[in-house]
Amino acid sequence: MSKQILVTQSSMPDFDEYIDEIKDLWNSKWLTNMGIKHKILESQLKDYLKVPNITLFVNGHLALECIIDALDLTGEVITTPFTFASTTHAIVRNGLKPVFCDINPDDYTIDVDKIESLITDKTSAIIPVHVYGNICDVEALDDIAKKYNLKVIYDAAHTFGVTVNGRGIGTFGDASMFSFHATKVFNTIEGGAVTYNDPSIKEALDALKNFGITGPESVEYVGGNAKMNEFQAAMGICNLRHVDSEIAKRKVVVERYMEHLDGIEGIKLSKGQAGVKSNYAYFPVVFDGYKKTRDEVFEELKSNNIIARKYFYPLTNSFDCYKGLYNVEDTPVAKYIAEKVLTLPLYADLDLEDVDRICEIIKG
Ligand code: T4K
């Protein structure tokens with residue numbers, strides 16, 4: 001059996017680099033609760049992401065739950081079902097109702113032309129997703145938000161370091177959530193952050209991730225525990241030193257895929273957007289009218305020990321836990337794409353010979 005290739009592989013610093021970074025934790029004995037590594041990483045990420053404000057979290061999901069809480073959203077939130085479970089669950093776990101908008105067939109982000117018809121007097125916000133690193137129509141979303149006085153929180157889990165005409169993607173809308181999970185372009189093992197323009201949000205976010213504590217004798221919020229610890233932050237400090245070269249290596253892998261697959265009838269690729277500096281987070285391929293179905297390609301790769309993934313199938317509005325609550329037929333484009341998309345293996349150290357092999361299997 002040939003070697004196993006998974007959909008991704010974590011970027012890691014050299015072992016010695018990480019050991020060196022965590023050594024002083026044995027002297028300080030300060031392991032969590034916003035220690036020195038946390039402070040250093042927070043400041044470095046603020047610069048790297050080109051954002052005015054940032055708050056770190058233990059993971060992306062709790063970051064999203066906390067920013068929804070901090071912005072005091074009520075009633076209904078417009079979002080898309082073509083995403084990871086986290087986006088929808090974060091809305092529901094805040095006691096809010098997700099209202100599912102369809103995606104556009106070009107880049108799979110929220111279809112801005114279908115949002116206004118979903119707005120009611122209960123709508124308080126829009127939570128769009130920059131899915132696979134494809135950027136939503138941020139200008140149209142801004143216009144809609146202003147017109148109807150809605151908050152916008154971007155799920156930017158896939159867009160670490162992405163810029164639009166030089167502007168950090170985390171500066172759009174009211175806030176953005178980033179994921180630093182092991183499977184992401186930049187990781188802190190598990191981790192995440194919220195970026196935001198209004199500095200007054202900081203107090204609530206800092207409190208919500210630490211039991212609502214605001215002072216030695218004051219607890220002003222009903223918070224939880226979502227703090228990034230020092231070992232996570234140390235991993236982030238190391239990985240940040242190498243993230244640009246990791247993204248450059250991902251770009252080479254993506255270009256190799258493009259050489260093989262671009263222009264083939266029935267194969268649709270995401271080709272980048274004007275003014276957007278990509279981070280090459282995912283390589284989604286839509287098999288639409290190809291000689292093999294998505295599921296046939298998936299099985300063929302699997303029988304060769306290559307594990308691609310059906311991100312994002314099933315749609316969140318068809319999850320068992322939401323049975324009877326939503327109608328998947330309300331989002332026909334999302335349903336269509338979810339049945340046809342496969343994300344191929346992509347990581348910095350993926351051998352180009354393996355990319356060749358994957359493409360030969362697909363084309364064979
Ligand atoms: N919003 C969006 C749009 C998201 O995509 C995500 C997370 C979130 C919000 C929430 O952010 P976090 O709370 O996770 O920070 C994975 C990730 O766990 C998840 O972070 C990610 N999205 C999602 C798209 O993918 P699974 O269930 O597919 O993971 P798993 O364990 O099957 O791993 C996938 C592959 O990654 C493995 O085949 C090999 C590789 N891998 C995995 C792990 C755990 C590594 O190389 N190293 C590892 O440590 O969800």
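**Two sheets and the helices packed against them**

Helix H7 and helix H10 pass each other in a right-handed crossing. In plain words, a crossing is right-handed if the near helix is turned clockwise from the far one by less than a right angle, and left-handed if the turn is anticlockwise. The model is a predicted one, in which local features need pLDDT of at least 70 and side-chain atom pairs count only at pLDDT 80 or more, while totals for chains, interfaces and linings use all residues. Residues are numbered from 1 along each chain as its sequence is written, and side-chain values rest on heavy atoms, with hydrogens and water left out. Labels such as H7 or E13 stand for DSSP runs numbered from the N terminus: helices are H or I with at least four residues, strands are E with at least two.

Back to that helix pair. H7 spans residues 230-261, and H10 covers residues 352-363. Their axes lie 10 Å apart, and the packing angle is about 30°; axes here are lines fitted to C-alpha atoms (for helices, over the stretch in contact), and angles run from 0 to 180 degrees between N-to-C directions. That makes H7 roughly parallel to H10, given that angles under 35 degrees count as roughly parallel, over 145 as roughly antiparallel, 65 to 115 as roughly perpendicular and the rest as oblique. On the H7 side, the contact (heavy atoms within 4.5 Å) uses Val252, Val253, Arg256, Tyr257, His260 and Leu261. H10 brings in Leu352, Val355, Asp356, Ile358, Cys359, Glu360, Ile362 and Lys363. Sorted by class, the residues of this contact are nine nonpolar, one polar and four charged. The classes are simple: Ala, Val, Leu, Ile, Met, Phe, Trp, Tyr, Cys and Pro are nonpolar, Asp, Glu, Lys and Arg are charged, and the others, Gly among them, are polar.

H7 also has a sheet to deal with. It lies across E13, E15 and E17, running at about 20° to E15. These three strands make an open sheet in the order E13-E15-E17, with antiparallel pairing; two strands pair if DSSP finds at least two bridges between them. E13 (267-269) and E17 (341-344) sit at the edges with a single partner strand each, so one side of each has no neighbour in the sheet. From one strand to the next, the twist averages 30°. E13 and E15 (residues 283-287) are joined by three bridges, and Leu269 stands opposite Val285 in E15. Helix H8 (residues 294-303) lies across E15 and E17, at about 30° to E17.

Next comes an open sheet of seven strands, with mixed pairing and the order E2-E10-E9-E6-E5-E3-E4. Its edge strands, E2 (53-57) and E4 (97-100), pair on one side only. Neighbouring strands in this sheet are turned by 25° against each other on average, direction ignored. The mix shows up in two pairs. E6 (residues 151-155) and E9 (residues 175-179) run parallel, joined by three bridges, with Ile153 partnered by Ala175 in E9. E2 and E10 (residues 192-196), on the other hand, run antiparallel with five bridges, and Ile54 has Thr195 as its bridge partner in E10.

What about the surroundings of edge strand E2? Five of its five residues are buried, so E2 is largely enclosed by the rest of the structure. Buried means under 20% relative accessible area, exposed over 50%, and partly exposed in between (1.4 Å probe, protein chains only). Both faces of E2 are covered, with Asn53, Thr55 and Phe57 on one side and Ile54 and Leu56 on the other.

Helices go with this sheet too. H4 (residues 85-93) lies across E3, E4, E5 and E6, at about 140° to E4, while H5 (residues 138-148) lies across E5 and E6, at about 150° to E6. The axes of H4 and H3 (residues 60-70) come within 9 Å and cross at roughly 40°, and H3 and H4 are therefore oblique to each other. Their contact involves His61, Leu64, Glu65 and Ile68 of H3 together with Ser86, Thr87, His89, Ala90, Ile91 and Arg93 of H4.

Finally, two single residues. Ser11, in the loop between E1 (5-6) and H1 (15-28), is buried at 9% relative accessible area. Ile307, in E16 (residues 306-307), counts as partly exposed at 22%.
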